[in-house]
Amino acid sequence: ERGRLRSLIQEMRPAGQGFIARTVSEGQDADKLKAEMDFLCSLWDAIVRRRESATIPSLLHQDLSVSLRAVRDLFTREVDHLVIDCRAEYQQVVDFVSAFMPRLLPCVELYTGGEPIFDAFGVEPELARALGRKVWLKSGGYVVIEKTEALTAIDVNTGRYVGGHNLEETILKTNLEAVKEIAYQLRLRDIGGLIVTDFIDMERESNRAKVVAALKEVLARDRSKTNVLGMSALGLVEMTRKRVRESLGESQSEPCFYCDGVGFIKDTTTVCYEIFRTLERELKGSSAPAVDVRVNPRVAEVLLQEERYALEELESFLGLTIHVLPDRELHREHFEIRPFHPR
């Protein structure tokens, strides 16, 4: 592959010009490589022209803005329209495309509609869908996407889809529909690294082969390099996808400060008994007549109702009064024990 790449560059590069081909160039079409070469040559020519007429000191070149970098990296012939709702940004993009990608200029449009551009094109629902763990399929089945430290796990389920009388055909149809959605979600969320997909079990080996072949076919159009292995007897397909940048989930969200990214918090009863043990440990033998226990309102409700008998027993054992004070500022798992100060 590297030999082929070297030969392509030698054939296409202008005389006297040199290029560095990065790893991402492997497997790319000659047209894409040529377009990148043309862009770099045009950029260099513009810098040289600027140098000839510039005073000293002068800025000859600066890195592109976020919007122009997106145009440079993502705006290709496969894009039908590039719609921009800011006139200043639109003009910048038009100037840039006119200089470096003139054939794509007709695809650039200025949005002048009354409603926000994300609402007009349905971007918000797609973003919400891309950050959710469950993605519904048109048939009624669904796909669950879970990111872990080591890998991304994808689970396919039939959900509400019951199909016809043939269960195997129903499962095959759901799996094939899930294949297209999985490929789309991988690109949309920009998920990289190791990915394990748990397809619904199929009895026929030919149907398993169909699902794997369909997955390889749709991923062949992915800009990031992918490697799909065969399906195991348990219906698991392992694959890798080149990690280019952080995923959409990583860039648009952060670990939950309630659960530290675990996804669960202690239930209120568990917290109540942690409070009981802490009171017993810290106040046994204390001479204090009473203590204030500040807790989350939900925990306070359980302490004063469902666990009222246990609370009274503890007061009798410790020989003091326990005042339960709701505090909306406290996390459900947190509580504070302070000496009682009468007002």
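**Exercise 1. Locate Asp190 and describe its backbone and its burial.**

Step 1. Asp190 sits in the loop that connects α7 to β6 (193-198); helices (H or I, at least four residues) and strands (E, at least two) are DSSP runs, numbered from the N terminus. This is a predicted model, in which local features need pLDDT of at least 70, side-chain atom pairs count only at pLDDT 80 or more, and totals for chains, interfaces and linings use all residues. Residues are numbered from 1 along each chain as its sequence is written, and side-chain values use heavy atoms, with hydrogens and water left out.

Step 2. Although Asp190 is not a glycine, its phi is positive, at about 55 degrees.

Step 3. Asp190 has a relative accessible area of 13% and is therefore buried. Buried means under 20% relative accessible area, exposed over 50%, and partly exposed in between (1.4 Å probe, protein chains only).

**Exercise 2. Find the cis peptide bond that leads into Pro57, and place Pro57 in the fold.**

Step 1. The bond runs from Ile56 to Pro57 and is cis, with omega near -5 degrees.

Step 2. Pro57 belongs to the loop between α2 (30-53) and α3 (66-74).

**Exercise 3. Describe the largest nonpolar core and the elements that build it.**

Step 1. A nonpolar core is a set of buried Ala, Val, Leu, Ile, Met, Phe, Trp, Tyr and Cys residues joined through side-chain atoms within 4.5 Å. The largest one has 28 residues, and Val143, Ile182, Leu186, Phe199 and Leu219 have the most contacts inside it.

Step 2. Two or more residues come from each of β4 (142-147), β5 (152-157), α7 (167-189), α8 (205-219), β7 (226-231) and β8 (236-241). The largest share, seven residues, is that of α7.

Step 3. A second, separate core has 20 residues, including Val271, Phe276, Val295 and Ala310.

**Exercise 4. Work out the surroundings of Phe199 and Val218.**

Step 1. Phe199 lies in the loop between β6 and α8. Its relative accessibility is 2%, so Phe199 counts as buried.

Step 2. Not counting residues up to four places away in sequence, Phe199 is in contact (heavy atoms within 4.5 Å) with Val156, Asn175, Val179, Ile182, Val211, Met231, Gly235 and Val237. From Phe199 to Val179 the C-alpha distance is 9.2 Å, and the two are 20 residues apart in sequence.

Step 3. Val218 is part of helix α8 and is buried, because its relative accessible area is 10%. With neighbours within four places in sequence left aside, Val218 contacts Val179, Ala183 and Arg187.

**Exercise 5. Characterise the second largest pocket.**

Step 1. On a 1 Å grid over the protein atoms alone, a pocket is an open set of points where a 1.4 Å probe fits, with protein on both sides within 12 Å along at least five of seven lines; lining residues have an atom within 4 Å of a point. The volume of the second largest pocket is about 800 Å³; grid points are joined across faces, edges and corners, and a volume is the space filled by probe spheres set on the points.

Step 2. It has 23 lining residues, of which Lys147, Thr148, Gly249, Glu250 and Ser253 are the closest to its centre.

Step 3. α6 (123-131), β4 and α9 (248-252) each give two or more residues to this lining, and β4 gives the most, with three residues.
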